[in-house]
Protein chains: 2
Amino acid sequence: MSKGEQTRQQIISRALSLSSEVGLEGLSLGNLASELKLSKSGLFAHFKSKEALQLDVLQAACELFARDVVKPSLAQPRGLRRLRSLFDHYIAWVRGSSKTRTCIFMGLSQEYDDRPGPVRDALAKSQFDWQASVARVAATAVETGEFRKDVDLQQFAFEFTGIGMIFQQFSKLLQDKQAERHAYAAFEALMTRSRR
Amino acid sequence: MSKGEQTRQQIISRALSLSSEVGLEGLSLGNLASELKLSKSGLFAHFKSKEALQLDVLQAACELFARDVVKPSLAQPRGLRRLRSLFDHYIAWVRGSSKTRTCIFMGLSQEYDDRPGPVRDALAKSQFDWQASVARVAATAVETGEFRKDVDLQQFAFEFTGIGMIFQQFSKLLQDKQAERHAYAAFEALMTRSRR
DNA sequence: TGAAAAAACGAACGGTCGTGCTATATTCGA
DNA sequence: TCGAATATAGCACGACCGTTCGTTTTTTCA
């Protein structure tokens, strides 16, 4: 990896964790540059515009999400096991790591849901794909016979993600210690409802 | 109402609808002033600081929410009827009106969940109160005997609000025509689960 | 109606924003 | 190792930010 690509990755990585705090709009090139001990113009030279950086950051977030949430669960056997694993990793993602202290997608969804443009489009696509992933894993539970045949997979994905969103609200904003217990109780209810 | 108080209310009202688009941080005094055909300094004179304006806007949002969502449902008879009415009004609120095209609280939750300060505190309190309101209405369904006695009211409020959040995600960001159908299906499942 | 009070204005301040440009420093292949 | 390619720095730009201050206009009430 060339020197340029190397610092480029460092920029995106730092920008990712920064924007999970202040959003992609709130991201500032000057701030970002000084944190990385770069000149503002030196940093800027890696991107054609701020929007290009935002798109790169979003893509990086998607790759991280695929690596840390979706892929690990695919290692589990099809059906309930895989579905539970997906939820576990999803909750862990929302809970946040050192790199992203909060789920960046929920913040960005609020930031861009009425702000048309390429970033919004990319974000919407990523969330659409996420819903499809959840539905696909749920479908394996239908195929194994663990779920009823008439389970509405779109509906399942809808509620699945909803639990993640309200979990973030309770654990982050409200600092509710019971957030995780509530999340799992809701998830188990959803699972029970779908079983045959 | 004096002239000063009158324009002050106009400022807050316009600021409210603006910040449901760009957040309270993204709110700009210059922008706000020009929209209201006021000078920036003339507008500023009504508030000691931008933060004071933000707090006023948040309070206005709370009052609007109480008036349009909580209060109307209290006119319904205790129990299931009131609970359904609360959900109806909640969904209508999230769907948005002309004044607030999107639920301002969800945006602000993402904006402030890791930004300490008076605004965050006020916001957290408002959301805590909202959870309590949902639980209180659900309690009336227990009292009428329509809900089981062992229904976990906190859990109920958790899931109730979660449906609203994911509904916003689907209807606003993903522009999913089925969002409302999904929301009501989830709500009915939650109701069924709680009934005796 | 006139004087005191309140409200709105205009200009300016120090900052920061994203974005160009040119020049220097560093990396890298021949 | 040298020359070309690449990466970074420095500086400046116009625009906008929240905020302050002194002046002017408008409202209010005796």
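In this predicted model, the largest nonpolar core takes in 92 residues, and those touching the most other members are Ala138(A), Phe167(A), Ala138(B) and Phe167(B). That fits a familiar pattern: in soluble globular proteins, nonpolar side chains tend to be buried together. Take Ala138(B) as a sample of what goes on inside. Setting aside neighbours within four places in sequence, Ala138(B) is in contact with Leu83(B), Phe147(B), Leu153(B), Phe156(B) and Ala157(B).

Stepping back to a whole chain, chain A is built from nine helices and zero strands, so to speak a plain run of α-α-α-α-α-α-α-α-α when read along the sequence. Its C-alpha atoms fill a box of roughly 60 × 35 × 30 Å along the principal axes. Of the 196 residues of chain A, 36% count as buried. Among contacts in chain A with a separation of 6 or more, 60% link residues 24 or more positions apart.

Helix α6 of chain A, residues 104-112, is a good place to look at burial. Nine of its nine residues are buried, so α6(A) is largely enclosed by the rest of the structure. The buried set runs through Ile104(A), Phe105(A), Met106(A), Gly107(A), Leu108(A), Ser109(A), Gln110(A), Glu111(A) and Tyr112(A). Packed against them are α1, α4 (50-74), α7 (118-143) and α8 (153-173) of chain A, along with α6 and α8 of chain B.

Next comes α7(A), with 26 residues and a reach of 37 Å from its first C-alpha to its last, close to the 38 Å expected at 1.5 Å a residue. The buried residues of α7(A) are Leu123(A), Gln127(A), Trp130(A), Gln131(A), Val134(A), Val137(A), Ala138(A) and Ala141(A). Ala138(A) has already turned up as one of the core residues that touch the most other members. The cover over the buried residues of α7(A) includes α4, α5 (80-95), α6 and α8 of chain A, and α8 of chain B also takes part. After α7(A) comes Gly145(A), with a positive phi near 85°.

Over in chain B, helix α1 covers residues 3-22. At 1.5 Å a residue, its 20 residues should span 28 Å, and the end C-alpha atoms are indeed 28 Å apart, which agrees. Buried in α1(B) are Ile11(B), Ala15(B), Leu16(B), Ser19(B) and Ser20(B). These pack against α2 (29-35), α3 (40-44), α4 (50-74) and α6 (104-112) of chain B. Just past the end of α1(B), Gly23(B) has a positive phi of about 85°.

How do the two chains meet? The contact draws 34 residues from chain B and 34 residues from chain A. On the chain B side, α6, α7 (118-143), α8 (153-173) and α9 (179-194) each supply at least two residues. The largest share there comes from α8(B), with 13 residues. Sorted by class, that side of chain B has 13 nonpolar, 13 polar and eight charged residues.

The two copies are also neatly related. Chain B superposes on chain A by a rotation of 180° with 0.0 Å of shift along the axis, at an RMSD of 0.0 Å. That is the relation of a two-fold axis. Within chain B, Gly162(B) comes closest to the rotation axis, its C-alpha lying at 2.6 Å. Both copies use the same surface, with 100% of the contact residues of chain B recurring in chain A.

Finally, there is the DNA. Strand C is surrounded by 21 residues, the closest being Ser28(A), Gly30(A), Gly4(B), Ser41(B) and Gly42(B). The surface near strand C gets at least two residues from each of α2 (29-35) and α3 (40-44) of chain A and α1 and α3 of chain B. By class, this surface divides into five nonpolar, 12 polar and four charged residues.

Around DNA strand D there are 23 residues, and Gly4(A), Ser41(A), Gly42(A), Ser28(B) and Gly30(B) come nearest. Here α1 (3-22) and α3 of chain A, together with α2 and α3 of chain B, each give at least two residues to the surface. The top contributor near strand D is α1(A), with four residues. The surface near strand D is made up of five nonpolar, 12 polar and six charged residues.

Note on methods:
Residues numbered from 1 in each chain as written. Chains lettered and ligands numbered in written order. Predicted model: local features only at pLDDT ≥ 70, side-chain atom pairs only at ≥ 80, totals over all residues. Expected span 1.5 Å × (residues − 1). Buried ≥ 20, exposed ≤ 12 C-beta atoms within 10 Å, placed from the backbone. Contact = placed C-beta atoms within 7 Å. Near = placed C-beta within 6 Å. Nonpolar A, V, L, I, M, F, W, Y, C, P; charged D, E, K, R; others polar. Core = buried A, V, L, I, M, F, W, Y, C linked by C-beta atoms within 7 Å. Least-squares fit on C-alpha atoms with pLDDT ≥ 70 in both.
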